[in-house]
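Dear colleague,

I am handing over the structure below, and my notes on it follow. Please read them with the model open beside you.

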Amino acid sequence: MLMTAEQYIESLRKLNTRVYMFGEKIENWVDHPMIRPSINCVRMTYELAQDPQYADLMTTKSNLIGKTINRFANLHQSTDDLRKKVKMQRLLGQKTASCFQRCVGMDAFNAVFSTTYEIDQKYGTNYHKNFTEYLKYIQENDLIVDGAMTDPKGDRGLAPSAQKDPDLFLRIVEKREDGIVVRGAKAHQTGSINSHEHIIMPTIAMTEADKDYAVSFACPSDADGLFMIYGRQSCDTRKMEEGADIDLGNKQFGGQEALVVFDNVFIPNDRIFLCQEYDFAGMMVERFAGYHRQSYGGCKVGVGDVVIGAAALAADYNGAQKASHVKDKLIEMTHLNETLYCCGIACSAEGYPTAAGNYQIDLLLANVCKQNITRFPYEIVRLAEDIAGGLMVTMPSEADFKSETVVGRDGETIGDFCNKFFAAAPTCTTEERMRVLRFLENICLGASAVGYRTESMHGAGSPQAQRIMIARQGNINAKKELAKAIAGIK
Ligand code: SF4
Ligand code: FE
C-alpha cells in the first residue's frame, strides 16, 4: 500500500526515535523547525508517488509482492528501471533543491539483495531469504529505510580490529541463539531520523581479523539502545528565528545527517544479512557505493537545474541578463550539469543482471559519474556566485528590509533605505531579488550545502574512493595491448 504524504508524517510520530540536538533530547522532532524541512523532502517522495503525471517514474510493480510500490523500494528489473531511477532522482532534486534522503535505502536494498544471494551460495546461509522477507515487509508498508554504511573510522591508517577503541567500526559484541548484539556507530547518516528502519552495512573490505566487523542487518529506528545525534548545518539556527522566511533561502526543504549510535542493540536472526563472512564485506560495499554513485547523477543534476534557474533569475533581477558573458556562464553551467546527467544515464544503460536477478549499474561509469560530481557542482556554484554578485553574502537581514524603525531625516525607515539601495532592475521587487540571492547563499554555502556542494564531494564516498575503483575497473593492461598491437610491439 502506498502511503500518502500525511500518513508518512503521522507514521513518524508513532516511532519512539531518540533524537539529540544541542546536547538535549528533542521530544517533538517531527515539528522541530530545524528538522522539519528535511522531513518535507522525504515527504515529497510520497507526494509525487500519488500524482498521476509522475506515476511512471515514481511507482512500479514489485517483483516480490506483485503490487504497485514506490520506486524507492524497487529491486531494479532492467536497465530501463535503472534509468528511471536516475530520472526520478532528478525530478526530486528539481522539486526540493535538496537531498531527499530516500535513495540510500533503495541503494542498500539492491546491494544487499544481490550480495546475500551470493553469500548463501557459498556458505549455505539464510541471508537472502531473510532479506527478501524483510523487503516484502518494507514494500507492503511503504516504509523509509536508511541505508547506513560509513563508520566513524578512527585512525584511518588502522584496520577496524586494530583501532585503540574497538567501537570505531560497528561490530558484533555477542552472538546468541536468537540473534546478535551490535555496538558502534554510523556517522553522517543521511535521513536517519526521518526513516522508519535502518539497514546497516560494513564500510570497507575486511580480512579475517576483522570478521566481527563484517556485519549487515536491519532494525527499526527506535530499537532499544539506538539513538541519533543531529548534525549541524551552516546557518541552521536561522530556522529558529521568529517568522523566519526570506533569510532561509529554502524555507521548505533541507537535508539531514546524523550520528547514529548503537549502544548494544539486539538484532534477531531473521534481520541479519551478513554475520562474519568477511570475504563478502567488500562486495556489499562496492555494490552499494556503485548504486549511490549512480544516484548522484540524478539528484545533484536536479538540484543543479534549480541553481542554474536561480542564477538566471539573479541575472534578470540585476539587469545583467543581456551581457554575453552571463549568457555564456549559463551555457557552461548547463553543459556541466548535463554532462553529469549523461554519466548517470550511461552507467544505467550499461547495467546488467546480477546472479540474484536484479540489475546492477556499470561500476566504472558510476564511479566516473561520482568523480565528476566531486568537481562540476563546485564550478556550477562558482559561476552562480559570479552571476549573483557579492550581495548574496553582504545583504542585510529580512528584519531590516521589513523594519519600520524611523532613521531618516525625512521620516524614512530602515526598510525604506534597504529597499531603496538594493533595488535593481524594474522587472522585480527588492524582495524578489533578496529571495533569489538568499536561495543561492543557502545552496552554495548555507544549510543546503550539505545537500549540494560539500555533499557532492563526500557523499557516496570521497574522490579517492572513486579513483581506487576507477583504477581497478580501468583495465590499463588491456589498453597497453591495444597500443602494442597498433605500434607493432610484440
Ligand atoms: Fe539521494 Fe542524492 Fe541525498 Fe544521496 S545525496 S540520498 S542520492 S538525494
Ligand atoms: Fe548523499
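In these notes, buried means under 20% relative accessible area, exposed means over 50%, and partly exposed covers what lies in between, with a 1.4 Å probe and protein chains only. This is a predicted model, in which local features need pLDDT of at least 70 and side-chain atom pairs count only at pLDDT 80 or more, while totals for chains, interfaces and linings use all residues. Residues are numbered from 1 along each chain as its sequence is written, chains are lettered from A and ligands numbered from 1 in the order in which they are written, and side-chain values use heavy atoms, with hydrogens and water left out.

The metal site

The iron ion is ligand 2, and its protein donors are Y296, through OH, and E455, through OE, at 2.2 to 2.5 Å from the ion. Donors here are N, O and S atoms within 2.8 Å of the metal (3.2 Å for Na, K and Ca), and water is not among the atoms, so sites may look incomplete. Y296 belongs to helix α7 and E455 to helix α15 (residues 453–458), so the pair ties together parts that are 159 residues apart in sequence. Helices (H or I, at least four residues) and strands (E, at least two) are DSSP runs, numbered from the N terminus. Both donor residues are buried, Y296 with a relative accessible area of 3% and E455 with one of 9%.

The shell around ligand 1

Y296 and E455 also appear among the residues that surround ligand 1, which are C99, F100, Q101, C103, T190, H292, S295, Y296, C299, K300 and E455; a residue is near a molecule or strand if one of its heavy atoms lies within 4 Å of it. Helix α7 (residues 281–318) gives the most to this shell, with five residues. By character the shell divides into five nonpolar, four polar and two charged residues, where Ala, Val, Leu, Ile, Met, Phe, Trp, Tyr, Cys and Pro count as nonpolar, Asp, Glu, Lys and Arg as charged, and the others, Gly among them, as polar.

Salt bridges

The structure holds 35 salt bridges, each being a side-chain nitrogen of Lys or Arg within 4 Å of a carboxyl oxygen of Asp or Glu. In one of them R102 pairs with D142, with the closest N and O atoms 2.8 Å apart. R102 lies in the loop between α4 (79–96) and α5 (103–123), and D142 in the loop between α6 (127–141) and β5 (145–148), so the pair ties together parts that are 40 residues apart in sequence. R102 is buried at 2% relative accessible area, and D142 is likewise buried, at 3%.

Another salt bridge joins R183 to D263, where the closest N and O atoms are 3.0 Å apart. R183 sits in strand β7 (residues 179–190) and D263 in strand β11 (residues 257–268), so this pair ties together parts that are 80 residues apart in sequence. Here R183 is partly exposed, with a relative accessible area of 26%, and D263 is partly exposed at 40%. Elsewhere, salt bridges that share partners join E10, R13, D31 and R36 into one network.

Sheets and strands

Strands β7 and β11 run antiparallel and are joined by nine bridges, with G184 having F262 in β11 as its bridge partner; two strands pair if DSSP finds at least two bridges between them. They belong to an open sheet of six strands with mixed pairing, in the order β2-β1-β10-β11-β7-β6. Its edge strands, β2 (24–25) and β6 (171–176), each pair on one side only.

Strand β8 (residues 197–200) is covered on both faces, since E197 and I199 on one side and H198 and I200 on the other are all buried. It pairs with β5 in the parallel sense over four bridges, and I199 in β8 stands opposite G147. Four bridges also join β8 to strand β9 (residues 215–220), with the two running antiparallel, and F217 in β9 is the bridge partner of I200.

Cysteines

A search of the whole structure finds zero disulfides, a disulfide being a pair of cysteine sulfur atoms within 2.5 Å. For C342 the closest cysteine sulfur is that of C343, at 6.7 Å, which is too far for a bond. The sulfur of C343 has its closest cysteine sulfur in C369, at 5.0 Å, again too far for a bond, and C343 counts as buried at 12% relative accessibility.

With best regards
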